[in-house]
Amino acid sequence: MSLKQTCVRRLKLDAGHRVHLHESKCRNAHGHQYIVFIHATADQLDSIGRIIDFSVIKELIGGWLDEFWDHGFLVWDQDEEMLNALDMIDGQKTYKLPCNPTAENMANFLLTEICPAVLKRTDVYVTKVEVWETENCYAVAEL
């Protein structure tokens, strides 16, 4: 039997979004205090016995979240109405996503695009990302 080990880092950010074409109130611009769980693994532990130091996940992935998403507005790059409204706010931090900013799409984007890019110089890879939109609702993307 082979042993699989995973380390998990919890990250937090505040961001606004709207779910374009949503059938209810989430079609309106609003914000969340997102909690993101990053599940990382490696083929072998380092010389200290870790997959990766938790602070490295915070620095690399958390740093990316801080720079691009935290205290900003996440918007689908096809949502012209929201993009036009955001353009009217001087200095508004905006991140254009290639998909509607649902928790599911955000988790998938982090898992497949961002995590591999920011961890490329390590032997670590992320196998699962959880994006908690509220304390009751979250989405998971997993390889």
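Me: Accessible areas come from the Shrake-Rupley method with a 1.4 Å probe. On that basis, what share of the protein's exposed area do carbon and sulfur atoms supply?

Reply: Bear in mind that this is a predicted model. The protein exposes about 8,600 Å². Of that area, carbon and sulfur atoms supply 48%.

Me: And what percentage of the residues is buried?

Reply: Buried here means under 20% relative accessible area. The protein has 143 residues, and the buried share of them comes to 41%.

Me: In what order do the helices and strands run from the N terminus?

Reply: Let's count the elements before ordering them. The protein has three helices and six strands. Read from the N terminus on, they go β-β-α-β-α-β-α-β-β.

Me: Which element gives the most to the largest nonpolar core?

Reply: That core has 35 residues, and those touching the most other members are Ile 38, Ile 61, Trp 69, Leu 110, Val 126, Val 129 and Val 131. At least two residues each come from β1 (7-17), β2, α1, β4, α3, β5 and β6. With eight residues, the top contributor is α3.

Me: Where is the kink in α3 centred?

Reply: Helix α3 covers residues 103-118 and bends by about 40°. Its buried residues include Met 106, Phe 109, Leu 110 and Ile 114, and the buried residues of α3 pack against elements including α1 (54-68), β2 (30-42) and β5 (124-132). The centre of the kink is Leu 110.

Me: Which residues of α3 does Val 131 contact, leaving aside neighbours within four places in sequence?

Reply: Contact means heavy atoms within 4.5 Å. Val 131 reaches Tyr 34, Ile 35 and Val 36 as well as Cys 137, Tyr 138 and Ala 139. Since α3 takes in residues 103-118, its share of the list is Ala 103, Met 106, Ala 107 and Leu 110.

Me: Which residues make up the covered face of β4?

Reply: The strand has two faces to sort out. Thr 94 and Lys 96 form the uncovered one. That leaves the covered face with Tyr 95 and Leu 97.

Me: Is the β-α-β crossover from β3 to β4 right-handed or left-handed?

Reply: β3 and β4 pair in the parallel sense over four bridges, and Leu 74 stands opposite Tyr 95 in β4. Between the two strands, the chain passes through helix α2, residues 80-87. The crossover is right-handed.

Key. Residues numbered from 1 in each chain as written. Predicted model: local features only at pLDDT ≥ 70, side-chain atom pairs only at ≥ 80, totals over all residues. Heavy atoms only, no water. Bend = angle between axes of the 7 residues up to and from the residue. Buried < 20%, exposed > 50% of the residue type's maximum accessible area, 1.4 Å probe, protein only. Core = buried A, V, L, I, M, F, W, Y, C linked by side-chain atoms within 4.5 Å. Pairing = 2+ DSSP bridges. Right-handed = clockwise from strand over helix to strand, strands pointing away.
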